[in-house]
Each structure stands twice: as C-alpha cells, then as structure tokens.
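Biologist: I'd like a close look at one part of this protein, the aromatic rings and what surrounds them. Could you walk me through it slowly, as you would for a first-year student?

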Amino acid sequence: MPTRPRFSPFVELKRGDEKPPILLAHGLGGRADFSELAKHIRTGNAIYGIQAKGVDGMEEPLDRIEDMAEFYLEALRDLQPHGPYILMGYSFGGLVALEMAQYLSKSGKKVALLVLVDAYPHPRFLSPAERLRLIVRRAGRHASEMKKMPASEAIAYFVGGLQRRLRIVGVRAPASSLPEASEPTAVQARLRVSDSAYVAYQHYRPKCYRGKISFVSAAENSYFPDDPAAVWGKLADEFENETVPGGHLNIVTTEFHGLADALTRYVRRTLLQD
C-alpha cells in the first residue's frame with residue numbers, strides 16, 4: 001500500500017532568494033489564503049503561508065494555540081532550522097504567530113520581526129471597560145443592519161449571529177446534523193478546523209512577549225478595540241502600530257495594497273538592521 005505523503009503546514013506563496021523566509025499564519029479558517037497579498041510584498045524573501053493541521057481532512061485539527069505553535073515549529077525545522085525568524089499572523093493567526101515567537105525566544109532563537117495584523121485575544125481577556133465598549137458597539141452595528149432588512153431576513157441574521165456565538169464558546173452542532181462519510185469532505189474538514197480554532201481562540205490568554213510587536217490595524221474597525229496599544233502595549237517590551245485602509249476581512253483579500261506596503265517596509269527595515 002503506498003504511504004500517504006507527510007502533511008506540511010507550510011505552503012509556498014511566493015518564491016524568493018533572500019533569507020530568512022517570511023512566515024504568515026492562517027486565520028480561523030485554517031487555510032493560507034494570502035497569495036495576492038504575498039505577491040505584493042516587495043522584497044526578495046520567499047513567503048510561506050502556514051495552514052492548519054486538518055485542512056486536508058486527513059488528521060484531527062488542534063484546539064489549543066500552544067499545540068498549534070509547537071506543531072508548526074516542529075515542522076519548521078525542515079524548512080528553516082536556524083533563525084532569525086520573520087513571523088506574521090492575520091487575525092487568529094496573529095495569536096499563533098505570537099505563541100510561535102514566545103517558544104522561539106524562550107529557546108534562545110532570534111525573532112527578527114513579529115507582525116500581528118488586526119489580531120486580538122478573545123474579549124474575555126480584555127479589560128472590563130474595553131469589553132463594555134465592544135458590546136455596545138457591536139450591538140449598535142447589528143441593530144443598524146437588522147433595521148435595513150425585511151423581518152424574515154432580520155430573524156435569519158439574528159439566528160446566524162447566535163449560532164456563531166455558540167460556536168465561539170465551544171457549543172458544537174449535534175453529530176447527527178453532520179453528513180456521515182467514510183472520509184471527511186472538504187467542507188467537513190473546514191468546519192472541523194474552524195470549530196477547533198474557535199475553541200482555541202476562546203481559551204488562549206496571551207502572555208507578555210519579551211520583544212517587539214509590530215501591529216497593523218484595519219481603518220474600518222467595527223468589531224475590535226479602538227486602541228491596539230491599550231491591549232498589546234502592556235504585553236510586549238516594545239510596541240508599534242500602523243493603520244492601513246480597508247476592513248478586517250478585506251485587508252488580506254481585495255484591499256491588501258496598504259497592508260502589503262506596511263509589511264514591505266517592516267521587512268526591509270528588519271533586513272537593514274540585521
């Protein structure tokens with residue numbers, strides 16, 4: 001029987017000759033869907049996206065960010081056994097990149113650049129005042145959206161939001177509601193990965209990072225804290241923040257030029273310093 005190829009969490013998004021490679025961690029969906037963004041990062045570094053264990057449907061996904069970081073770093077030994085390392089992470093992936101940086105730093109390896117892109121811990125780990133501001137803002141945004149809809153669509157919108165909230169706190173759909181198959185389909189694999197990521201997100205509490213965090217915020221900010229420094233400034237020895245055009249969802253898909261420009265500058269600056 002032929003052996004199954006070993007799963008690699010690293011997907012080459014852009015070829016390059018300069019060292020070190022840029023590592024870009026996935027969002028909640030688990031896939032490294034950053035090809036267009038990677039093409040517009042104007043450096044000679046190779047760029048690899050990090051995809052989640054289980055996206056191929058062959059293995060169970062991980063549900064702890066600490067375990068994800070260890071899994072990716074174990075695989076990184078084949079791709080890049082020595083530092084310095086350039087780590088970036090979008091949204092949920094920012095937490096993954098942060099934990100990878102924690103492990104590398106504690107083991108004495110150099111993290112040359114750590115960039116978090118619109119990434120925040122679960123609201124339960126924010127200050128009470130920040131949580132209240134988010135609740136009020138999100139409630140107002142949802143109410144405004146529902147007012148524009150017919151009653152039937154507004155109800156569906158509300159129910160969909162409730163289902164997402166249940167998934168965030170770890171409530172899964174009954175097993176009977178999922179189609180049975182001898183092997184998971186691509187849709188099933190994506191659902192399992194995103195469900196596990198929600199669980200990981202809910203339970204991960206960032207620790208202080210003894211290094212610098214470079215943070216990029218989306219200008220159209222409806223669901224996250226107003227001031228990233230209020231969240232991350234006390235969790236890093238050094239912190240910088242830049243705001244780029246676009247919203248949380250489209251800064252890595254269609255409105256990626258501002259983000260690509262910022263990441264290009266960060267990498268070039270880092271290479272000059274080294």
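Modeller: Sure, let's start with the rings. There are five aromatic pairs here, where rings of Phe, Tyr and Trp (its six-membered ring) pair if their centres lie within 6.5 Å, with planes under 30 degrees apart called stacked, over 60 edge-to-face and the rest tilted. Take Phe71 and Tyr72: their ring centres are 5.8 Å apart and their planes meet at 65°, so this pair is edge-to-face. Phe71 is partly exposed at 23% relative accessibility, while Tyr72 is buried at 1%. Those words have cut-offs: buried is under 20% relative accessible area, exposed is over 50%, and partly exposed is in between (1.4 Å probe, protein chains only).

A quick word on where this comes from: the model is predicted, so local features need pLDDT of at least 70 and side-chain atom pairs count only at pLDDT 80 or more, while totals for chains, interfaces and linings use all residues. Residues are numbered from 1 along each chain as its sequence is written, and side-chain values use heavy atoms, with hydrogens and water left out.

Now try Tyr120 and Phe224. This pair is stacked, with 5.2 Å from centre to centre and 15° between the planes. Tyr120 sits in the loop between β5 and α4 (128-147), and Phe224 in the loop between β6 and α7 (228-232), so the pair ties together parts 104 residues apart in sequence. Helices (H or I, at least four residues) and strands (E, at least two) are DSSP runs, numbered from the N terminus. Both Tyr120 and Phe224 are buried. Ring pairs also link Tyr120, Phe215, Phe224 and Phe239 into a cluster.

What about the strands around there? Strands pair if DSSP finds at least two bridges between them. β5 (residues 111-117) and β6 (residues 209-220) run parallel, joined by three bridges, and Val115 has Ser214 in β6 as its bridge partner. β6 also runs parallel to β7 (residues 236-247), with nine bridges joining them; here Tyr209 stands opposite Ala236 in β7.

Finally, back to Tyr72, which helps line the largest cavity, along with residues including His26, Lys53, Met68 and Val193. A cavity is a set of points, on a 1 Å grid over the protein atoms alone, where a 1.4 Å probe fits but cannot get out, and lining residues have an atom within 4 Å of a point. The elements giving two or more residues to that lining are α2 (65-79) and α6 (186-203), and α6 gives the largest share, three residues.

Key:
1 Å grid on protein atoms, 1.4 Å probe; cavity = no way out; pocket = protein on both sides within 12 Å on 5 of 7 lines; lining within 4 Å.
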